[in-house]
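Visitor: Please show me the model, and let us then discuss how its parts pack together.

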Amino acid sequence: MTIRDNVRAILAEVPPGVRVLAAVKGRTPEEIRQAVDAGIGWLGENYVQQAERHRPGVGRGVEWHFIGHLQKNKVKQAIEIFDMIETVDSLDLAAEISKRSVQINRVMPVLIEVNIGGETSKSGVSPGKVEALAAALFCLPGISLQGLMTIEPAGERPEAGRPYFQEMKRLLERINALGPTRMKYLSMGMTQTYRIAIEEGANIIRIGTGIFGERRATC
Ligand SMILES: *Cc1c(COP(=O)(O)O)cnc(C)c1O
């Protein structure tokens, strides 16, 4: 299967209203462009530098989402490159994004990254702290909080992700019931798990290997 075939198959399969984001870490601009030409409109990159380097080669007509761990000292650069930051996990980081965005007259769309499995190895805010963080983020002038994102714990089978996806959906609904502003996005599900995630309410899925094939070893 070529990149083009993979993209076509996934786009044909997902229901309307679900955005397919291609996770492009470690891919070349040529590979990324093939995915875009086949119909991918959103790209997700884990590294600010990589996105900066690849953007010219990939060209126009796509949105770039930041899906890695964002350090405060990269925020200034990130807000000039990305259309959405999906991985906000502290008020400190959000405040920096807001401040820098106000300085350049923009409002940055963001998602809160939730560490839904409570794994020490992963970033993201713990489920019990999401509501308070969301409430604080709604007050920041330079960001627009639009939903939640998670990387679920790796499981033996895709089905293992289901309870985590259900918990994410409940969190989103709880915050929407509280707040004046409705959050619309649930970014969850990857190559192994996106079908389950969609069943449980995902409307952004992030696909890497399912589009580009296995990642090459970096040497
Ligand atoms: C790499 C990555 C993905 C895609 O993972 P695959 O299993 O290759 O589909 C999704 N989300 C994030 C945050 C990633 O880093």
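Visitor: Is Trp42 buried or exposed?
Guide: This is a predicted model, in which local features need pLDDT of at least 70 and side-chain atom pairs count only at pLDDT 80 or more, while totals for chains, interfaces and linings use all residues. Residues are numbered from 1 along each chain as its sequence is written, and side-chain values use heavy atoms, with hydrogens and water left out. A residue is buried under 20% relative accessible area, exposed over 50% and partly exposed in between (1.4 Å probe, protein chains only). Trp42 has a relative accessible area of 5%, so the residue is buried.

Visitor: How many aromatic pairs does the structure hold?
Guide: Rings of Phe, Tyr and Trp (its six-membered ring) pair if their centres lie within 6.5 Å; planes under 30 degrees apart count as stacked, over 60 as edge-to-face and the rest as tilted. By this criterion, the number of aromatic pairs in the structure is 2.

Visitor: What is the angle between the planes of Trp42 and Tyr185?
Guide: Trp42 belongs to strand E2 (residues 42-45) and Tyr185 to strand E7 (residues 185-187), so the pair links parts of the chain 143 residues apart; strands (E, at least two residues) and helices (H or I, at least four) are DSSP runs numbered from the N terminus. Tyr185 counts as buried, at 17% relative accessibility. The two rings are edge-to-face, 5.9 Å centre to centre, and the angle between their planes is 75°.

Visitor: Which residue forms an aromatic pair with Phe66?
Guide: Phe66 is buried, because its relative accessible area is 1%. The pair is edge-to-face, with 5.2 Å centre to centre and 75° between the planes, and the partner is Phe82.

Visitor: What distance separates the end C-alpha atoms of helix H5?
Guide: The expected span of a helix is 1.5 Å times one less than its number of residues. Helix H5 (residues 91-103) has 13 residues, so a span of 18 Å is expected. The model agrees, since the end C-alpha atoms are separated by 18 Å.

Visitor: How far apart in space are Leu93 and Lys72?
Guide: Leu93 lies in helix H5 and is buried, with a relative accessible area of 3%. Leaving aside neighbours within four places in sequence, Leu93 is in contact (heavy atoms within 4.5 Å) with Leu70, Lys72, Val75, Thr87 and Val88. Leu93 and Lys72 are 21 residues apart in sequence, and their C-alpha to C-alpha distance is 6.1 Å.
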